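This report describes the fold of a single protein chain. Its topics are pairing within the sheets, helix packing and overall dimensions.

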Amino acid sequence: MVLMETIIATKHLTKRYKDLWAVNDVSFEVEKGELLAVLGKNGAGKSTTLLVLLGLVKPTSGNILILNKKPHERAVKERIGVMLQEVSVIDALSVKEVLLMFSSYYENPLRLEEVLEITGIPIELLKKKAYKLSGGQKRRLNFALAIISNPQIVFLDEPTVGMDSTVRKKFWQAIQYLNDEGKTVIFTTHYLQEADDVAKRIMLFNQGKVIADGSPLQLKSHLSDGAISF
């Protein structure tokens, strides 16, 4: 019998903005090694839930434990990696300088060579100033910064927005590699196909609530209509 280790637990989580319940009484657990997609249309509450988990937005009510600690604690921040939709880096620094600076913040970071291999950042890009990067190159740099700490948990908020199909495919291959290495990965998306192709578990959000939670196969069997073609 394999014992599961719960590394994220939320109970009755809510976040209210005036008359809007962005997150409305959400409770769930995430086990170590899961590859979880948080799926929903824009405004469903998935990104707000992620920000609350990260301690970047204070919940209106409810409890959160990450690695048995509160999200804002330093011991948590040192063991998670985060890729948000919009991330700014110091424009005056080169890509290599930015990566080495972030690497120096952690006790057991990944080697620079390993980060480049996982993210697909070419060596010749290391000398380029951050402000000269294209949109796709910035997304790769953001991804590199999310994993350079060698985190236990990786949070990704709409990570493939703006990526072309080739880069998107390589990105998900990298995510699968990280998950195979034992990393817990949680990502938000509104692309149903991405969640179906990549995730081992899907939580479906609507109007701030979790309306479905299970494997892609389980959700499709419950939510899909049967059809006969001839």
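## A parallel pair in the six-stranded sheet

In this predicted model, A37 stands opposite I202 in strand 8. The two residues belong to a parallel pairing: strand 3, residues 35–39, and strand 8, residues 201–206, are joined over four bridges.

Helix 5, residues 135–147, packs on the sheet. The helix touches strand 5 and strand 6, the latter spanning 153–157, and its direction makes about 165° with that of strand 5.

## Order and edges of the six-stranded sheet

The sheet as a whole is open and consists of six strands in the order 5-6-7-3-8-9, with mixed pairing. Its edges are formed by strand 5 (80–83) and strand 9 (209–214), each of which pairs on one side only. On average, neighbouring strands of the sheet are turned by 15° against each other, direction ignored.

In general, the strands of a sheet pair through backbone hydrogen bonds, in either a parallel or an antiparallel arrangement.

## The three-stranded sheet

A further open sheet contains three strands in the order 2-1-4, and its pairing is antiparallel. Strand 2 (20–31) and strand 4 (61–66) are the edge strands, each pairing on one side only. From one strand to the next, the twist averages 15°.

Which residue in the turn of the hairpin has a positive phi? Strand 1 and strand 2 form this hairpin with two residues between them, and K18 in the turn has a positive phi of about 55°. The two strands run antiparallel and are joined by eight bridges. Within this pairing, T6 stands opposite E31 in strand 2.

Strand 1, residues 6–17, also pairs with strand 4 in the antiparallel sense, over five bridges. Two positions can be located along this pairing: T10 stands opposite I64 in strand 4, and T14 stands opposite S61 in strand 4.

## Helix 1 and its surroundings

Is helix 1 largely enclosed or largely exposed? Seven of the eight residues of helix 1 (residues 46–53) are buried, so the helix is largely enclosed by the rest of the structure. Burial here denotes a relative accessible area under 20%.

The buried residues of helix 1 are K46, S47, T48, T49, L50, V52 and L53. Helix 1 is followed by G55, which has a positive phi near 80°.

## Global dimensions and surface

The secondary structure of the protein comprises eight helices and nine strands. How does the radius of gyration of the protein relate to that of a compact globule? For 230 residues, a compact globule would have a radius of gyration near 17 Å; the protein has 18 Å, and the value therefore agrees with that expectation. Taken along the principal axes, the box filled by the C-alpha atoms is roughly 55 × 50 × 45 Å.

Buried residues account for 44% of the 230 residues in the protein. The accessible surface comes to about 12900 Å², of which 52% belongs to carbon and sulfur atoms. Among contacts between residues at least 6 apart in sequence, 68% join residues at least 24 apart. The parallel pairing of strand 3 (residues 35–39) with strand 8 (residues 201–206) also links separate parts of the numbering.

Notes: Residues numbered from 1 in each chain as written. Predicted model: local features only at pLDDT ≥ 70, side-chain atom pairs only at ≥ 80, totals over all residues. Heavy atoms only, no water. Pairing = 2+ DSSP bridges. Axes fitted to C-alpha atoms, helices over the stretch in contact; angles between N-to-C directions. Rg over C-alpha atoms; globule rule 2.2 N^0.38 Å. Buried < 20%, exposed > 50% of the residue type's maximum accessible area, 1.4 Å probe, protein only. Contact = heavy atoms within 4.5 Å. Areas by Shrake-Rupley, 256 points an atom, 1.4 Å probe, with all protein chains shown as cover.
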